[in-house]
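Reader: I have the sequence and the model open side by side, and I would like to go through some of the labels. Could you show me the reasoning behind each one?

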Amino acid sequence: MNTAEKLARYVLPTYSRFSVSPIRGEGTMLWDADGKRYLDFCSGLATCTLGHGDNALSRAIARQAGDLIHCCNLYQIDKQAELAECLVEECLGLQGRVFFSNSGAESNDGLVKLARRFGKERVGDGDESCHKIITFHQSFHGRTLGGIAATAQSKVKEGFDPLLPGFQHCPLNDLGSLASTIAPDTCAIMLEPIQGEGGIHLATPEFLRGVQDLCQQKDLLLLLDEVQCGLGRTGDMAGWRSIEPSLTPDAVSWAKGLGGGFPVGAFWVSDRLTSRDKPLFQLLGAGSHGSTFGGSPLACTAALAVLREVIDKNLPQRAIQHGQTIQTSVESWQHRAVTEIRGKGLLLGIGLRAAAFDAPENTPASIYLSTELAKAGLLAPPAGPDTVRLMPPLTVSEEEIQEALGIFKYTLDSICN
């Protein structure tokens, strides 16, 4: 049996997979078993920050694996302390504390637990409840039961009732709707500054400022999901600052690009005082949260290697420059199949006009185009029915960008009606 046949026989069918089977990578390139070369503008869904192959990440993992792979959190882990310091001092520049997990979904579940503890403290020990969290249409916060309850997309919820209660959903960038949804039992507002899986939709600066004002007025937590947009991809180590630098969140979640392909997640909690004069991070004290594998020596070493490369080589600035090149080129095409290009840095979404394609029946334009791009040697994943994403490694070269743009435009021209 080949790979596709074995996957079909032995692996749960939870993914609709493209017929690409990479076995080796170098930089921005992947190769399959037949030697076909692909430009990887998927990057493991904005995860492979430094690309593939022999790089600072792979070398750091090899060194640390020879010393110590795992040590439980009952003991003091030096690499964990070092990584937390880097996240707080160099990535955010905001004081607080960090918890380490294994994924973005786990990190977001941690934010939900923080919000519920915050709401409980706010109302005290009486019968009054304060546990509801507001999220936004087209959001995506993971596939745990907490993540799908928080996600405002019905397709991820189907068949999993009863969902975790306590979530309400509003349109993004609609302050009036948000303000009218806030109630006495609301404890937090949670959002992606740039929605990734929902189609690369940006919160506006005005909306982010308005959300912060409402949180301050109503004593709510402002929770930012930066699993896909954080840590350099948008042109700043804090993704929200590429849109609105004045924002000061109460908590932030990360994963994906943090480990550059090694599974690691984290969330940061501010040290600001609650209404009861307690630092916010103290709401999650000993025994309130935990993870067997979160913050292992190997995971933290991997993340430190990634962050040191991103910070020391100023890869966020490169992301801005390359992103501007891509946006300018796509806009210059004035292509009848393209509605717009959205995003920041190297987190970009190209909107598609479905009527311009002769796609097979019941095949969304994004799936059709992604399939044809892969045939031509470019991996660019869909995001919803009408958006294809471009998310190469932050180490991508100008020459690789030009090659990818050439493949993209040639493929559009070839399949448009």
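Reader: Which residues does Ala374 touch, leaving out those up to four places away in sequence?

Author: In this predicted model, Ala374 touches Val20, Lys36, Tyr38 and Leu379. Contact here means heavy atoms within 4.5 Å, and Ala374 itself lies in helix α11, residues 365-375.

Reader: What makes Ala374 buried?

Author: Its relative accessible area is 8%. Buried means under 20%, so Ala374 is called buried.

Reader: Which other residues of α11 are buried, and what do they pack against?

Author: Besides Ala374, the buried residues of α11 are Ala365, Ser366, Tyr368, Leu369, Ser370 and Leu373. The buried residues of α11 pack against the strands β3 (37-40), β14 (347-352), β15 (378-379) and β16 (387-390), and against α12. After α11 comes Gly377, with a positive phi near 100°.

Reader: How do you know that Glu372 and Lys375 form a salt bridge?

Author: The closest N and O atoms of Glu372 and Lys375 are 3.1 Å apart. A salt bridge needs a side-chain nitrogen of Lys or Arg within 4 Å of a carboxyl oxygen of Asp or Glu, so this pair counts as one. Glu372 and Lys375 are 3 residues apart in helix α11, and therefore separated by about one helical turn. In general, an α-helix has 3.6 residues a turn, so residues three or four places apart point the same way.

Reader: Is Lys375 buried or exposed?

Author: Lys375 has a relative accessible area of 54%. Exposed means over 50%, so Lys375 is called exposed.

Reader: Why does Asp32 have no salt bridge?

Author: Look at the distance: the nearest side chain of opposite charge, Lys36, is 6.2 Å away. The cut-off for a salt bridge is 4 Å, so Asp32 is buried yet without one. Asp32 is found in strand β2, residues 29-32.

Reader: What joins the side chains of Asp32 and Tyr38, and what makes it count?

Author: A polar contact of 3.2 Å joins them. The limit for such a pair of N or O atoms is 3.5 Å, so the distance qualifies. Tyr38 is also among the residues Asp32 touches, together with Ser21, Pro22 and Ile23, not counting residues up to four places away in sequence. Tyr38 is on the contact list of Ala374 as well.

Reader: How many salt bridges are there in the whole structure?

Author: A search of the whole structure finds 14. One of them joins Lys313 and Glu309, with the closest N and O atoms 2.9 Å apart. There is also a network of salt bridges that links Glu90, Arg308 and Asp312.

Reader: What makes Lys409 and Asp413 a salt bridge, and where do they lie?

Author: Their closest N and O atoms are 3.1 Å apart, and the limit is 4 Å, so the name fits. Both lie in helix α12 (residues 398-415), 4 residues apart, about one turn of the helix.

Reader: Why are Lys409 and Asp413 called partly exposed?

Author: Lys409 has a relative accessible area of 29%, and Asp413 has 38%. Partly exposed covers what is neither under 20% nor over 50%, so both residues get that label.

Reader: What is the volume of the second largest pocket, and which residues lie nearest its centre?

Author: The second largest pocket has a volume of about 570 Å³. Its lining has 22 residues, and Gln80, Arg97, Val98, Phe99 and Phe100 lie nearest its centre. The elements giving two or more residues to this lining are α4 (78-92), β4 (96-101) and β12 (265-270). The largest share, 5 residues, comes from β4.

Reader: Where is there a cis peptide bond, and what is its omega?

Author: The cis bond joins Asp161 and Pro162, with omega about -5°. Pro162 is found in the loop between α6 (145-150) and β6 (167-170).

Reader: What is the phi of Asp219, and what is the phi of Asp277?

Author: Asp219 has a positive phi near 60°, and Asp277 has a positive phi of about 60°, although it is not a glycine. Most residues other than glycine have a negative phi. Asp219 sits in the loop between α8 (205-218) and β10 (221-225), while Asp277 lies in the loop between β12 and α9 (297-312). Asp219 is partly exposed at 24% relative accessible area, whereas Asp277 is exposed at 60%.

Conventions:
Residues are numbered from 1 along each chain as its sequence is written. This is a predicted model: local features need pLDDT of at least 70, side-chain atom pairs count only at pLDDT 80 or more; totals for chains, interfaces and linings use all residues. Side-chain values use heavy atoms; hydrogens and water are left out. Buried means under 20% relative accessible area, exposed over 50%, partly exposed in between (1.4 Å probe, protein chains only). Lys and Arg count as positive and Asp and Glu as negative; His and the chain ends are not counted. A polar contact is a pair of N or O atoms within 3.5 Å; within protein, one must be able to donate a hydrogen and the other to accept it, and residues adjacent in sequence count only if both atoms are side-chain atoms. On a 1 Å grid over the protein atoms alone, a cavity is a set of points where a 1.4 Å probe fits but cannot get out, and a pocket is an open set with protein on both sides within 12 Å along at least five of seven lines; lining residues have an atom within 4 Å of a point. Grid points are joined across faces, edges and corners, and a volume is the space filled by probe spheres set on the points.
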